[in-house]
Structures are given as C-alpha cells and as structure tokens.
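Here are a few friendly notes to read alongside the model. They take the interface and then a group of aromatic rings.

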Number of protein chains: 2
Amino acid sequence: MALTIEVCLTPELIHQHQLKGKIAVVVDVFRATSCIITALAENVKAVYPVSTVAECLTLGAQGMLTAGERGGIKIENFDLGNSPFEYMGKVAHKEVAISTTNGTLALSKSTDADQIIIGAFLNISATASYLLSQKLPLVIHCAGWKGTPNLEDTLYAGSLISKLIQKSYSLSDDSAQMAYDLYQINKNDLIGAAEKSGHAQRLARFGVTKDIAFCIQNDYYPLVIGKMEGGKIIKI
Amino acid sequence: MALTIEVCLTPELIHQHQLKGKIAVVVDVFRATSCIITALAENVKAVYPVSTVAECLTLGAQGMLTAGERGGIKIENFDLGNSPFEYMGKVAHKEVAISTTNGTLALSKSTDADQIIIGAFLNISATASYLLSQKLPLVIHCAGWKGTPNLEDTLYAGSLISKLIQKSYSLSDDSAQMAYDLYQINKNDLIGAAEKSGHAQRLARFGVTKDIAFCIQNDYYPLVIGKMEGGKIIKI
C-alpha cells in the first residue's frame, strides 16, 4: 500500500486535512522557511516561530535575536528581517525568535502532525531522503499569501512530490496532482515561473530580487534537515 | 487598464475575494453546472439551486421537479439525479429545484457579485463572449470537492482564462496563474487530465464514466448562457 501525499494550498484549508499520524512539511519559499533553513545551515542553536511581534520582543528581551516581517517589510527594531542573506554570519550558536506574515501561521497550524518538517528548495533533496526513511503519509502544507494559494509554495510541493512519487508514495488529492503538474511544466525555469507569482512581484518592488533567485535554488544546503519539536526548530 | 481575473479554488476561500462590482462565474464541472446548462439547453423554465434536500422537497410539493445528489448518488425519491443525461427530454418548460454537494454551495456563496454566471465546458465559448461584452472584472468560483480544490473545475478556470487573456483581461492572483498553466499542459487531453481527478475516479466507481466524457466537451451547447438572478437560473 502506497503512502499518501496530500497538498494543502493554504493554511485556510488545513482543517480539511487530518494531520495525526502524518508528517507535515511546512513551506514558505518567499521567505520564512528559506530563512529558517539558512539559519540552521549557519548553525543557529534553535529558531522559535511565534505568531506576534510582541512575543518576538519578549523572547528578544530574554536574549534571543528577533527576526521577521509584516507584509514583506522588516519589523522596526528587530535584529533580522526576512531575507536569508541577513542570517549569514550572524546567528551561529544563538537562538532566534521569528514572526512572519504567512510562514509562522502555517507552522502553528501544523501541530497536530506527528512530525513537522521545514520545507525549502535549499534543502529539498535532504528533506526528501529523510521523508523516505520515515515511511509516514505526508501533508505538504503551503503557507501561501495571506490565506490564498501561491505559486512558489505550490511549485515546491510539486518538486518534492516528484522526488517521492516513484518511491512508494502516491497522490491522494487533486491539489497534489495540480502541484505535481505545475512543477512538471515549470521545472526547467523555476525562477521564471516564480517571478510570475504575485509575491515575487511584491518582493521585487522592495528590491529583493536576489532573495528570489537564492530561495529558488535546489540543494544549496544539501545536508540540512529542519524539524520543529516542542515549539522550536532544530537541525536533525 | 486591463480587467482583472481572480480564481477561487474552493468555496472555502471565497471570503478572500471581493465579489461586489464583479461577475462570479460558478463552475462545478462534475456535474451540477453541466446539468444546469443541459437543462437550459433543453428549455427548462428555470432552475432553483437550494442548499438542502428538505428545501428541494418543499419546492417539489409545489410542482417543481426535484434534482440532486449527495456524495455523487441520486437522492431517494427525487425526480432527477446529477447526470446531464437524466435532464434530456424531461425538463422542457418545467421548473427544477436542485441540491448538490458542491455546486449549490458555490452558487449560494456568490450572491455578493453583481452577476452570477453558470460555468461549464458545454458552453464555454458562449460564456466567454458574454463576459467580454460585459467589461467587468471576474472571479471564477470553482465548486471543488467538499471544500478542497479539484482538478476539473480548475481546468475549466484555466480554459476560460485562455479565451479572455488576450482580450483586455489580466490575471490578478496566483490561483489564476496556476489554473492557466494547468490548462496549458492539459488542453490536448482534457479527458485524460480529468480522469486523474479524485472526483472522476469516484464517479467512475458509480459507473458514470459517460458523464465525465460528456461534461468535458467544449461547446456542445454553443448558444446557451446561464445566469442566476433572484434565486433562479435562466437562459439569457
């Protein structure tokens, strides 16, 4: 019996999915989970995703670095924004509290799952290998944009599916089929496809085109696997 | 300024879309809106979509034909199920009350729109021509399957977009882009694509494979345009 893969295109639809007994792979390509994987690659001690700016500041007062954005823009007085480049050379052996528009919401809505894994193109092959070792059904939980589906997270879902589909997994809903099809037509030009997304166009207006190109890279951090347990994200 | 096209992949996400000032095109390819277009082509007087079996029976007691399904199966004691073939030769000059799992929900959640148009492959070109004449922004509202997105309604959205995109319309959300891309890769084998959908597989188990082939046909009824006004659907 093949293991099932479901895709949830936005946190607004996660109540349609049974998470218990499954692994949730949470992805927010632009840019929360790409930042988290970068932080893990940079040997952060742990990343604490929180819902509000106030919670971030409370953890900041306890010695953590504060990180995050609202509507794509760095929060005032925070140590870090939501660009992977800001995490480089700054987070080793430290703890980071992060709050973002979409990514941290998707993480907080995934806690019924047996495991929560952090998805990003930057470590997609390592994540796929880990998932294959676990032999559990999957729900790929796309963070989307303010409650609506987005292109880049759906493309990630399709790309991850393409690494699992030949290996004892099968698609169990139409969203998974749609994500897989979308990846198939766009796989030779992921940057071009991602640039069509509304979110990429918003980011481009903030001058962060280089973030788009960075976040869309496959396996830039080939050895990192990120997992959330007990409210914090660590490298496993 | 181009007119915008949004796609709502399931009624669960319709609250993300502002409908006022726009046309909502409601589609439930398998099979509610395909049945409604068939009924209009067969010269039904009007179709009344209602939410519950009880409402249908009340209207039936007033002389209407009762139609509908729950979970893909005809409702006991109803005059008609949810197959377009059942409407042929039976509905001319009559009124029909219909209640289905997904389609009638999408219709009831579209009432904030300036106009509600009934979408189906069976009359897609006529619908596109009508929309072009109206010069209003669009929300293509896919009925989906029990709250989740489905393949066939998304393909309809992509196909309708392909008829409008060169003609003063532009895509205004990632769901519209995804629907358009999905249609582009599947357009030469829509039946094959539709057969991958979970709903088609459920229908095939009920032995209604011929409904799938029928509902996926472009412009079988090239002159029919369906519109809902004041709670009833008529041909315009």
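**Notes on the interface and the rings**

1. In this predicted model, contacts join 25 residues of chain A to 25 residues of chain B. The two chains bury about 2,000 Å² between them, and carbon and sulfur atoms give 61% of that area.

2. On the polar side, there are two salt bridges between chain A and chain B. In one salt bridge, the side chain of B:Lys196 meets that of A:Asp181, at 3.2 Å from N to O. The interface also has 12 residue pairs in polar contact, counting those with both residues at pLDDT 80 or more.

3. Which helices of chain A supply at least two residues each of the side that touches chain B? They are helix H6 (151-164) and helix H7 (174-186). H7(A) gives the largest share, eight residues. By type, this side of chain A holds seven nonpolar, 12 polar and six charged residues.

4. Turning to the rings, the count over all chains is 10 aromatic pairs. A:Phe214 and A:Tyr220 have ring centres 4.9 Å apart and planes at 70°, so this pair is edge-to-face. A:Tyr220 also pairs edge-to-face with A:Tyr221, with 4.9 Å between the centres and 80° between the planes.

5. Are these residues buried or exposed? A:Phe214 is buried at 5% relative accessible area, and A:Tyr221 is buried at 12%. A:Tyr220, which pairs with both of them, counts as partly exposed at 44%.

6. Ring pairs link these three residues and A:Phe85 into a cluster: A:Phe85, A:Phe214, A:Tyr220 and A:Tyr221.

How values were computed. Residues are numbered from 1 along each chain as its sequence is written. Chains are lettered from A and ligands numbered from 1 in the order in which they are written. Side-chain values use heavy atoms; hydrogens and water are left out. Contact means heavy atoms within 4.5 Å. Buried area is the accessible area (1.4 Å probe) that two parts lose on being put together, summed over both. A salt bridge is a side-chain nitrogen of Lys or Arg within 4 Å of a carboxyl oxygen of Asp or Glu. A polar contact is a pair of N or O atoms within 3.5 Å; within protein, one must be able to donate a hydrogen and the other to accept it, and residues adjacent in sequence count only if both atoms are side-chain atoms. Helices (H or I, at least four residues) and strands (E, at least two) are DSSP runs, numbered from the N terminus. Ala, Val, Leu, Ile, Met, Phe, Trp, Tyr, Cys and Pro count as nonpolar, Asp, Glu, Lys and Arg as charged, and the others, Gly among them, as polar. Rings of Phe, Tyr and Trp (its six-membered ring) pair if their centres lie within 6.5 Å; planes under 30 degrees apart count as stacked, over 60 as edge-to-face and the rest as tilted. Buried means under 20% relative accessible area, exposed over 50%, partly exposed in between (1.4 Å probe, protein chains only).
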